[in-house]
Amino acid sequence: MHVTTERPNWTPHLGGEHGEVFTRRWVVELILDLVGYRVDEDLGAATVVEPSCGCGAFIVPIVERLAESCGRYGRRLRDMAGAIWGFDLLEHNAEYTRKAVMDTLLMMGEPNDVAERLSGEWVRTDDFLLADHRGLQADFVVGNPPYIRLEEVPTEVSAAYRRELPTMRGRADVFVGFYERGLSVLAPDGRLAFICADRWMRNQYGERLRSLVVDNYAIDSLVVLHDVDAFEDPVAAYPAITVLRNGPQGSAKVVDTSASFGAADTEQVVAWLSNPDADPPRSNDSFKVAELPTWFSSGAHWPAGAPHDLELIAFLEEHFAPIEDRRTGTRVGIGVATGCDDVFVTARADGVESSRLLPLLTASDVADGEPAWGGQFLVNPWEDGRLVDLADFPGMARYLESHADRVRARHVAKRQPENWHRTIDKVDPSLQARPKLLLPDMKAAAHPVFDPGAYYPHHNLYFVVSEEWDLEVLGGLLLSDVANLLVGAYCVKMRGGTYRFQAQYLRKIRVPDPKTLSDSVSEDLRSAFRSRDRPAASVAAWPLYGVDPARRLAQSVVARTEP
């Protein structure tokens, strides 16, 4: 491991500006139980790390558990100097935690000199992300790392973090670095459990951390606490407890909680999560559970959803191919972006050669489920993948020159002034003539529309073309709840529950082999697509994936009626 020898000093301001969010005691106890730091284990033979002590929310219960375990295993607490490694960047916090530890030890009957020595050895004033950890191998890493954007950290400190911790890229939160550094000090089969915002599992800034986890570690369990009062102060943080292990990936257990989840529910959850042979507890108003045979293998995105949805998604991804597939010649793409639609997209392009005009379809043109062209054209400066010479098309040249101030002001034109008349995206005129499915970007549910080959798509439409699929049959699959489940689990949700049906999320959709569909099922999907009958499409689609439509409908109804 690379170790920084010269480190910039950073003392963040007090008063919550450094990302402190203090965890309730029952949540701390839950995390310690989940990670395996329990009094029936010989904790004196183990090492636990708390990388951001705050005011001792984790350290004090850790000391209490260590003391009880030492009593059970005949160890002396005074000999446990190396059993706890606590860090905090702020001397104010570290000193507060040392005093809390010392008071706890004194109440246990330890002599004053032992209490003072241990509290000083267990709690360090240091930056966990940049500290020298040579020789440290932790059996447990636990805590609630700070919530603060990397761009809010002083420049020289931010630069040091980025040098030391490759996962901290883009607009990462500092807690991403705590995951990376915490994982790096784990001994073989060691475990890390953090309560933290779970957006790193889906956002772009978490991609390197996700890749690090799937390539080198295992996710044992995930407890989603979005609506739970887990902290001492109200925080809109979308928290979850993630338990990671330094070992090969096995099954992964997921618990999704409601606002009523509390200390009284933790015994059932811990009993199931900590015992690989335990039967799952019955789901209730406070929590739902599911066990996945493995975790998702890609670092690109991890899905979100109710436990039974994640279980189903894991099954679909294991047994069915993605919609974009060379074997079926199926491709997902996006329509053209011009950078200046008020020039390149027009219903009146007087004088422009007809060969340079493509009828353009926009999202508003497909709102009713069928193409209803609004009369707009794309002024197309491309041919066979290359920009045309304006001298060969004087009509288009005059038209673009009349709007040159706006066309040349685009970033793409400034970057390539000799090609100032280009659109941002290349145009493939052959796409116009291909039969295709078109899907608007933002919708509450998938809205596939069939274009038999008359129009070119605008950039607010995504398209699907295929050499093997009957596109109306495939359209029935995309209309069904199968597509909505997969896109909804991965995509960014907008205000009001609107989904983003972008190419990266459409590619998450899994489909059966088109050769396996019977004529009757194909006709059911085709008919449902033509009539825009989403329930009928879902009834026809689910059995293709080995799923009982009635059971799936019942799960969906329950999910919609839950608070």
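Axes here are lines fitted to C-alpha atoms, and angles between them run from 0 to 180 degrees between N-to-C directions. With that in hand, look at helix 15 in this predicted model. Helix 15 lies across strand 17 (436-440), strand 19 and strand 21. Its direction makes an angle of about 25 degrees with strand 17.

Those three strands belong to an open sheet of four, in the order 11-21-17-19. The pairing in this sheet is antiparallel. Strand 11 (331-334) and strand 19 (449-451) stand at the edges. Each has a single partner strand, so one side of each is left without a neighbour in the sheet. Neighbouring strands are turned by 30 degrees against each other on average, direction ignored. Take strand 11 and strand 21 (residues 461-465) as a sample pair: they run antiparallel and are joined by four bridges. Arg-331 has Val-465 of strand 21 as its bridge partner.

Now go back to helix 15 (residues 471-479) and find helix 18 (residues 519-531). Their axes come within 7 Å and cross at roughly 70 degrees. Angles of 65 to 115 degrees count as roughly perpendicular, so helix 15 is roughly perpendicular to helix 18. Which residues make the contact? Helix 15 contributes Glu-472, Val-473, Gly-475, Gly-476, Leu-477 and Leu-479. Helix 18 contributes Ser-522, Leu-525, Arg-526, Ala-528, Phe-529 and Arg-530.

Follow the chain out of helix 18. In the loop between helix 18 and helix 19 (534-541) sits Arg-532. Its phi is near 60 degrees, a positive value in a residue other than glycine. Arg-532 counts as partly exposed, at 26% relative accessibility. Asp-384 also has a positive phi, of about 55 degrees, and is not a glycine. Asp-384 lies in the loop between strand 15 (382-383) and strand 16 (386-387). Is Asp-384 buried or exposed? Asp-384 is exposed, with a relative accessible area of 72%.

Another open sheet has four strands in the order 12-14-13-20. Here the pairing is mixed. Its edge strands are strand 12 (345-346) and strand 20 (456-457), and each pairs on one side only. Strand 13 (residues 357-361) pairs with strand 20 in the parallel sense, over two bridges. Leu-361 stands opposite Pro-457 in strand 20.

Next comes the interior. In soluble globular proteins, nonpolar side chains tend to be buried together. The largest nonpolar core in this model holds 142 residues. Leu-66, Trp-122 and Ile-241 touch the most other members. Apart from this core lies another, of 35 residues, among them Leu-357, Leu-358, Val-366 and Val-407.

Each of those three residues opens a view. Start with Leu-66. Leaving aside neighbours within four places in sequence, Leu-66 is in contact with Tyr-37, Leu-43, Gly-44, Leu-77, Met-80, Ala-83, Ile-84 and Trp-122.

Trp-122 leads to helix 4 (residues 112-122). Val-114, Ala-115, Leu-118, Ser-119 and Trp-122 are buried there. Where do these residues sit around the axis of helix 4? They cover an arc of only 125 degrees, which puts them on the same side of the helix. The buried residues of helix 4 pack against helix 2 (59-73), strand 2 (84-88), helix 3 (91-107) and strand 3 (123-125).

Ile-241 leads to strand 7 (residues 239-245). How many of the seven residues of strand 7 are buried? The count is seven of seven. In a regular strand the side chains alternate between the two faces of the sheet. On one side of strand 7 are Pro-239, Ile-241, Val-243 and Arg-245; on the other are Ala-240, Thr-242 and Leu-244. Both faces are covered.

Strand 7 has partners too. Strand 5 (residues 186-197) pairs with strand 7 in the antiparallel sense over seven bridges. Ala-193 stands opposite Val-243 in that pairing. Strand 6 (residues 218-224) also pairs with strand 7 in the antiparallel sense, over six bridges. There Val-224 stands opposite Ala-240.

End on a loop. Ala-259 is found between strand 8 (252-257) and helix 8 (266-273). Ala-259 is exposed, with a relative accessible area of 55%. Its C-alpha atom is separated by 9.2 Å from that of Asp-285, 26 residues apart along the chain.

Definitions and conventions:
Residues are numbered from 1 along each chain as its sequence is written. This is a predicted model: local features need pLDDT of at least 70, side-chain atom pairs count only at pLDDT 80 or more; totals for chains, interfaces and linings use all residues. Side-chain values use heavy atoms; hydrogens and water are left out. A nonpolar core is a set of buried Ala, Val, Leu, Ile, Met, Phe, Trp, Tyr and Cys residues joined through side-chain atoms within 4.5 Å. Buried means under 20% relative accessible area, exposed over 50%, partly exposed in between (1.4 Å probe, protein chains only). Contact means heavy atoms within 4.5 Å. Two strands pair if DSSP finds at least two bridges between them. The arc is that of the directions from the helix axis to the C-beta atoms. Angles under 35 degrees count as roughly parallel, over 145 as roughly antiparallel, 65 to 115 as roughly perpendicular and the rest as oblique.
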